[in-house]
Amino acid sequence: MSEKIIIEGGHKLNGTVMMSGAKNATVALIPAIVLAEGPVTVFGVPEISDVEALATLLRELNCNVETFENHIIVDPTHLQSVPLVSDAVNKLRASYYFMGALLGRFSYVKMKMPGGCYLGPRPIDLHLKGFEALGAKITCDEDGTYEIYAEELIGTKIYLDFASVGATINIMLAAVKAKGKTEIENAAKEPEIIDVANMLTKMGAKIRGVGTDTITIEGVDHLGGCYHEIIPDRIEAGTFLILAAAAGERIVVQNVIPQHLDSLISKLKEMGVKMEVSGDSVVVYGLESSLKAVDIKTQPYPGFATDLQQPLTTLLTQATGQSIIEETIYPERFKHCAELNKMGADIDIHSGYANINGKTKLKGANVCATDLRCGAALVIAALIAEGETEIGNVYHIDRGYDNIDHKLIMLGARITRIEREDN
Ligand code: EPZ
């Protein structure tokens, strides 16, 4: 049985919405717990399906795991190094963080290459090169099961060919207990990486320079338990700012770190969106905004986030003129455009670029989420379309947005979620 949501468009939204903890920090923080020799409590955990999959993998490693509404308590005291080859690995690409964390803890890990949303080829060569640089030997058998082993992990200088978020975090996890100093050069600077480093530091790790392009790690022998609160989700917040500009009258987006959204906020202002930015919230006045076309080029942080180009595409269909999106991170990340065109958008795609011709009137249709942020783009389109829209494969949206229907219904949206007979 798969679920779908039905949205009746045309209702102006009003009110306040609270952002949840950052998914892309959460999915690294939870595997990182296996590095601790004592209990770890993480607060602000979003209620998303990725967390359930990661909790399953922790239990497979013989950790005691208790999950509550917005926090998780993990006791890794009786942690065992067992192969991670169950279906839970395939539920999300980020299960690969167990590679770095278990390698860092045991100098050995055996696990399947994880799945995750299809966004074009998503190799992990930079992760593996980092592990090898630390002294690990890697084999991969025909069904994609990796075995990674090191007599001893020795700190070294590692240059990343691309400022990869995942590789930066995974190498950091493998290096925190390595012998000596590790330097990660051309490191990614995303806020979620800083959040992971902050929790590792509370455990006793010695890490400097996170958030710059050179991270220095001094290996330590032991890491202990700690308490940690996850930073707010900047991608969920960006999605709601865009949604508010498209479908809101006055919407307050709360539990936000505005500087994490600098690139989006400046683009929305360039489009003519009326906003008030304060310490931990942003107020958006959607009705007063007549929107102008803008050009977007996705970049690693602090550039414009690739995860927000999909939701922004929907808003750009309501802007007057032609907008051009250049997607430099995932050149194939345009599967949402065909779905939006089914609703009346006028978007042309060609090798890494999308040309969006606005302003177009959107009409309700039967569409399908192809990945997490495509789902977000379709929800925004459905909220402003004339008539009813049915969005299939809602599980994509549930992977990264905590109770999105509930949050939207509280703002006045007309949404129903139903089981769909799988034919
Ligand atoms: C993280 O993915 C995020 N996921 C993605 O968010 C986000 O889009 C991406 O960073 C970029 O910001 C999580 O944090 C769980 P990368 P990640 O390694 O770590 C290439 C969402 O919607 N690459 O920075 O996988 C890769 O193919 C998700 O929340 C290699 O070539 O991103 C891609 O083109 C989607 N070799 C580029 O680098 C490698 O070893 C960016 O990848 C690793 C990456």
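Axes are lines fitted to C-alpha atoms, for helices over the stretch in contact, and angles run from 0 to 180 degrees between N-to-C directions. Helices (H or I, at least four residues) and strands (E, at least two) are DSSP runs, numbered from the N terminus. The structure is a predicted model, in which local features need pLDDT of at least 70 and side-chain atom pairs count only at pLDDT 80 or more, while totals for chains, interfaces and linings use all residues. Residues are numbered from 1 along each chain as its sequence is written, and side-chain values use heavy atoms, with hydrogens and water left out.

**Exercise 1. Describe how helix H10 packs against helix H11.**

Solution.
Step 1. H10 covers residues 335-342 and H11 residues 372-384; their axes come within 9 Å and cross at roughly 20°.
Step 2. This angle makes H10 roughly parallel to H11 (angles under 35 degrees count as roughly parallel, over 145 as roughly antiparallel, 65 to 115 as roughly perpendicular and the rest as oblique).
Step 3. The contact (heavy atoms within 4.5 Å) involves His336, Glu339 and Leu340 on H10, and Cys374, Ala377, Leu378 and Ala381 on H11.
Step 4. Of the residues in this contact, five are nonpolar, one is polar and one is charged. Ala, Val, Leu, Ile, Met, Phe, Trp, Tyr, Cys and Pro count as nonpolar, Asp, Glu, Lys and Arg as charged, and the others, Gly among them, as polar.

**Exercise 2. Establish how far helix H1 is covered, and how H1 packs with H6.**

Solution.
Step 1. H1 spans residues 23-32, and nine of its 10 residues are buried (buried means under 20% relative accessible area, exposed over 50%, partly exposed in between, with a 1.4 Å probe and protein chains only).
Step 2. Among the buried residues of H1 are Lys23, Val27, Ile30 and Pro31.
Step 3. The axes of H1 and H6 lie 8 Å apart, at an angle of about 25°, which makes H1 roughly parallel to H6.
Step 4. H1 contributes Asn24, Ala25, Ala28, Leu29 and Ala32 to the contact, and H6 contributes Glu192, Asp195, Val196, Met199, Leu200 and Met203.
Step 5. The contact residues divide into eight nonpolar, one polar and two charged.

**Exercise 3. Identify which parts of the chain are linked by the salt bridges of Glu390, Glu8 and Arg234.**

Solution.
Step 1. The whole structure holds 17 salt bridges, each a side-chain nitrogen of Lys or Arg within 4 Å of a carboxyl oxygen of Asp or Glu.
Step 2. Glu390 pairs with Lys4 at 3.3 Å, N to O. Glu390 belongs to strand E22 (residues 388-392) and Lys4 to strand E1 (residues 2-8), 386 residues apart. Both Glu390 and Lys4 are buried.
Step 3. Glu8 meets Arg414 at 3.4 Å, N to O. Because Glu8 lies in strand E1 and Arg414 in strand E23 (residues 414-420), this pair ties together parts 406 residues apart in sequence. Glu8 is partly exposed at 35% relative accessible area, and Arg414 is partly exposed at 47%.
Step 4. Arg234 meets Glu192 at 2.8 Å, N to O. Arg234 is in helix H7 (residues 234-247) and Glu192 in helix H6 (residues 191-203), so the pair ties together parts 42 residues apart in sequence. Arg234 and Glu192 are buried.

**Exercise 4. Characterise the surroundings of Glu249.**

Solution.
Step 1. Glu249 is located in strand E14 (residues 248-254) and is partly exposed, with a relative accessible area of 30%.
Step 2. Not counting residues up to four places away in sequence, Glu249 touches Lys12, Leu13, Asn14, Val284, Tyr285, Gly286 and Leu287.
Step 3. The C-alpha atoms of Glu249 and His11 are separated by 9.8 Å, with their positions 238 residues apart along the chain.
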